[in-house]
Amino acid sequence: MELKIPKPVEIKSAKELEKMRAAGRLAAQLLQYIEPFVQPGVSTQELDDLCARWTKAHGAVSAPLGYHGYPKHTCTSVNHVVCHGIPNKKQLLKEGDIINIDVTPILDGWYGDSSKTFCVGQVTAEAQRLVETTHGCMMLGIAEVKPNARVGDIGAAIQAHAEAAGFSVVRDFVGHGIGRTFHTEPWVPHFGVRGKGTRLRPGMVFTIEPMINVGGWETVVLPDKWTAVTKDGSLSAQFEHTVAVTEDGVEILTLLD
Ligand code: MF3
Ligand code: CO
Ligand code: CO
């Protein structure tokens, strides 16, 4: 018999939250820095190099590099790539692509995790609708976060919005607690049932990072052991923020004002 005792979710102190705010702000600034370089003709390797240099210049370390053997500083997921796309110098962006850039600087030991999907030049109306819907999914998930809400409330809100648009929610990758560790409890599915799951408490910090597909939700990991793609080859988009539960709601740690 297996006894399932869930590990308690770490509660951050005010001092610790201040550290996480600084790491989160850095992640947001890094995404802001890289945006103008996302143009037709740039390679995903060049984008990774720029992020690597910027991160170092700001006194931080890239969490992905060396994480379970991951080889680069960022993840760059283009079109049907769901997540964990590996930057490479042969992959040049072209007009009409969508690309998620996922960054996680570690500042003073604390992790800030955020990602955005960018459109390369003019994209199709469907790609545009996918990107906008996915951003909406993330924001609606964040809007559920407050003391005594449940993790399932977040997933239910995201799933309802994605499916109302005719899209599907990826099941194989979820949001996660974060702090001095990259990935920890609570696990935050982007689908689910309202009223179910871990109860949220002030001081919990986790990511909300829905991956939404135009077609089915199934994913396949390529032989490189990282790159996750949609099984049916359909387009996929993602946005990610790191959020903290406050006394009266939520604070987005990876948002610039
Ligand atoms: N930043 C990703 C996340 O949102 C994790 C990337 S792990 C890596 O959780 F090893 F692929 F970089
Ligand atoms: Co994350
Ligand atoms: Co991330």
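Helix α3 buries A127, L130, V131, T133, T134, G136, C137, M138, G141 and I142. An α-helix has 3.6 residues a turn, so residues three or four places apart point the same way. The helix covers residues 125-143, which makes 19 residues in total. From first C-alpha to last, α3 reaches 27 Å, close to the 27 Å expected at 1.5 Å a residue. This is a predicted model.

**The annotated span**

The UniProt record, an unreviewed entry, carries the annotation "domain: Peptidase M24" for residues 18-247. The end C-alpha atoms of that span lie 15 Å apart. Helix makes up 28% of the span and strand 25%.

**Two cobalt ions**

The table sets out the two metal sites.

| Ion | Coordinating residues | Distances | Angles among 6 donor atoms |
|---|---|---|---|
| cobalt ion (ligand 2) | D113 (OD), H176 (NE2), E209 (OE), E240 (OE) | 2.0 to 2.2 Å | 52 to 161° |
| cobalt ion (ligand 3) | D102 (OD), D102 (OD), D113 (OD), E240 (OE) | 2.0 to 2.4 Å | 58 to 166° |

Why is the arrangement around the cobalt ion (ligand 2) irregular? Its 6 donor atoms subtend angles of 52 to 161°, and this makes the arrangement irregular. Six donors count as octahedral only if opposite donors are over 155 degrees apart and all others between 65 and 115. The site of the cobalt ion (ligand 3) is irregular as well.

Along the chain, the donors of ligand 2 follow the spacing D-x62-H-x32-E-x30-E. H176 lies in strand β9 (residues 175-177), while E209 sits in the loop between β11 (205-208) and β12 (211-213), so the pair ties together parts that are 33 residues apart in sequence. Both H176 and E209 are buried.

Which residue bridges the two cobalt ions? D113 does, and the ions lie 3.3 Å apart. D113 is in the loop between β6 (110-111) and β7 (114-119). E240 is in the loop between β15 (236-238) and β16 (241-245). The pair links distant parts of the chain, 127 residues apart. Is D113 buried or exposed? D113 is buried, with a relative accessible area of 3%. E240 is also buried, at 0%. The donors of ligand 3 have the spacing D-x10-D-x126-E.

**Around T74**

T74 lies in the loop between β1 (61-62) and β2 (75-78). T74 is buried, with a relative accessible area of 1%. Its side chain makes a polar contact of 2.6 Å with the side chain of D48. Leaving aside neighbours within four places in sequence, T74 touches D48, C51, G85, P87, D102 and V103. One of these, D102, also coordinates the cobalt ion (ligand 3).

Definitions and conventions: Residues numbered from 1 in each chain as written. Chains lettered and ligands numbered in written order. Predicted model: local features only at pLDDT ≥ 70, side-chain atom pairs only at ≥ 80, totals over all residues. Heavy atoms only, no water. Donors = N, O, S within 2.8 Å, 3.2 Å for Na, K, Ca; no water. Tetrahedral: all angles 85-135°; square planar, octahedral: opposite > 155°, others 65-115°. Helix = DSSP H or I, 4+ residues; strand = E, 2+ residues; numbered from the N terminus. Buried < 20%, exposed > 50% of the residue type's maximum accessible area, 1.4 Å probe, protein only. UniProt positions renumbered as here; feature names shortened; annotations may be inferred. Polar contact = N/O pair within 3.5 Å; in protein donor to acceptor, adjacent residues only side chain to side chain. Contact = heavy atoms within 4.5 Å. Expected span 1.5 Å × (residues − 1).
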